Amino acid sequence: MTVDQIVPKVMAGGRVSAAEALELYRHAPTHLLGRVADAIRARKHPDGLVTYIIDRNVNYTNICVARCNFCAFYRPVGASDGYVLGFEEIFRKIDETIAVGGNQLLLQGGHNPDLPIQWYEDLFRAVKARYPEFKLHALSPPEVLHISRLNQVPVATVVARLVAAGLDSIPGGGAEILVDRVRKLLNCYGKASSDEWIDVMRDAHRAGLRTTATMMYGTVETHEERIEHMLRLRDLQDETGGFTAFITWSYQPEHTEHGGYEETGVDYLRTLALSRIVLDNFDNLQASWVTQGGKVGQLSLAYGANDMGSVMIEENVVRAAGAAYCMDELEIVVNIEDAGFVPKRRNMHYELLGDPVFRERDVPRMLALATARADGDTSMPEELRNYAARSRAGKALRLGQ
Ligand code: SF4
């Protein structure tokens, strides 16, 4: 089919095949892709609202054995600048998040061999004991798999134990491109194959958890493989209905082993628009202003996005790869209103929580995102001594050697 034949089919609510998606991606003019994606967004969200969440993106450790070659964030076991956050440090971050109206941590980290499952359970229980209403959107599928392998516990049991400890939902990180050829080239096949990523999400959905889904594009994949990724997500969503949202962003190359360059803003908008067209069973698409900047983030609202993502407060992973955009609640709200929409705060389930916090009370402006720790602080939290380390470096550190 040609673009002229596919567009009316999509506008009438039809589902595109892989071949039709590729035809649109390759040949539809950018403004036309945007118009179609915007029509779908308006059909799904006729109320003119654009949502956002106030939460904090905390990375509990940067020590990782996975060593994905597109990642500038991780440090190998034993590195002098490797860290694990202490429970008290995490509590302080939660206090700061609540102070600016936040309700959730997005908690992700490296695959640290020296953190047994009990560490995660104790942390989650301690958070819930102090902050019963606060939400933990935590541990992407590869982290769940890592915990499963490290502790020799099945994935479904890991999920059940973490939920019992306080896990509320799972972020869709670590998906990159769900095609094994790509994953092998990016050295991320070992942390999770495409099937394994999908299987963790299926287990989580069956356990009653809602999750998000992501796609990081712009490394070694073809256009066909981007579409294959979207179709795998669409299939699982047909099966479980467990995804609340889809977020896509471009690979950030600085300081990575893979290197290369970043895809353009037009490529981002085309990819976002195509996602809206292909993922017809996803209600919510987030704008990735943290990788694209505020201006392209705002334009995303005309290319299929209905959500500005997170105010975020803290960010470490994308910053390590060269992107350091920051928008506080005021700036996000101004961008939404300027694009002709009404801003509303939401939670992870996309339930509306209210109007902007800064219009209800004084909130200090946030002009830069916080980091996990002050530069050079690699101190070891005292409670780590309570958990058995697996690596030689971890054991030595716990003995104070
Ligand atoms: S992307 Fe995640 S799993 Fe891969 S090296 Fe970085 S921290 Fe580790």
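## A look around the ligand and beyond

The shell around the ligand divides into six nonpolar, two polar and two charged residues. This is a predicted model, so take a friendly walk through it with the structure in view. Around the ligand sit Cys64, Ala66, Arg67, Cys68, Phe70, Cys71, Tyr74, Gly110, His111 and Lys191.

Now turn to strand β2, which covers residues 55–59. Is this strand mostly covered or exposed? Strand β2 is mostly covered, with five of its five residues buried. In a regular strand, side chains alternate between the two faces of the sheet. In β2, Asp55, Asn57 and Asn59 point one way, while Arg56 and Val58 point the other way.

Which strand does β2 pair with? Five bridges join β2 to strand β3, and the two run parallel. One contact to look for is Asn59, whose bridge partner in β3 is Gln108. Between these strands the chain passes through helix α4, making a β-α-β crossover that is right-handed.

Here are the three elements of that crossover:

| Element | Residues |
|---|---|
| Strand β2 | residues 55–59 |
| Helix α4 | residues 87–99 |
| Strand β3 | residues 104–108 |

Further along comes helix α9, residues 194–206. Why should its 13 residues span 18 Å? The helix advances 1.5 Å a residue, so an 18 Å span is expected, and the end C-alpha atoms of α9 are indeed 18 Å apart. Buried residues in α9 include Ser194, Trp197, Ile198 and Val200, and also Met201, Arg202, Ala204 and His205. Just after α9, Gly208 takes a positive phi of about 95 degrees.

Methods: Residues are numbered from 1 along each chain as its sequence is written. This is a predicted model: local features need pLDDT of at least 70, side-chain atom pairs count only at pLDDT 80 or more; totals for chains, interfaces and linings use all residues. Side-chain values use heavy atoms; hydrogens and water are left out. Buried means under 20% relative accessible area, exposed over 50%, partly exposed in between (1.4 Å probe, protein chains only). Helices (H or I, at least four residues) and strands (E, at least two) are DSSP runs, numbered from the N terminus. Two strands pair if DSSP finds at least two bridges between them. A crossover is right-handed if, with the strands pointing away from the viewer, the path from the first strand over the helix to the second runs clockwise. The expected span of a helix is 1.5 Å times one less than its number of residues. A residue is near a molecule or strand if one of its heavy atoms lies within 4 Å of it. Ala, Val, Leu, Ile, Met, Phe, Trp, Tyr, Cys and Pro count as nonpolar, Asp, Glu, Lys and Arg as charged, and the others, Gly among them, as polar.
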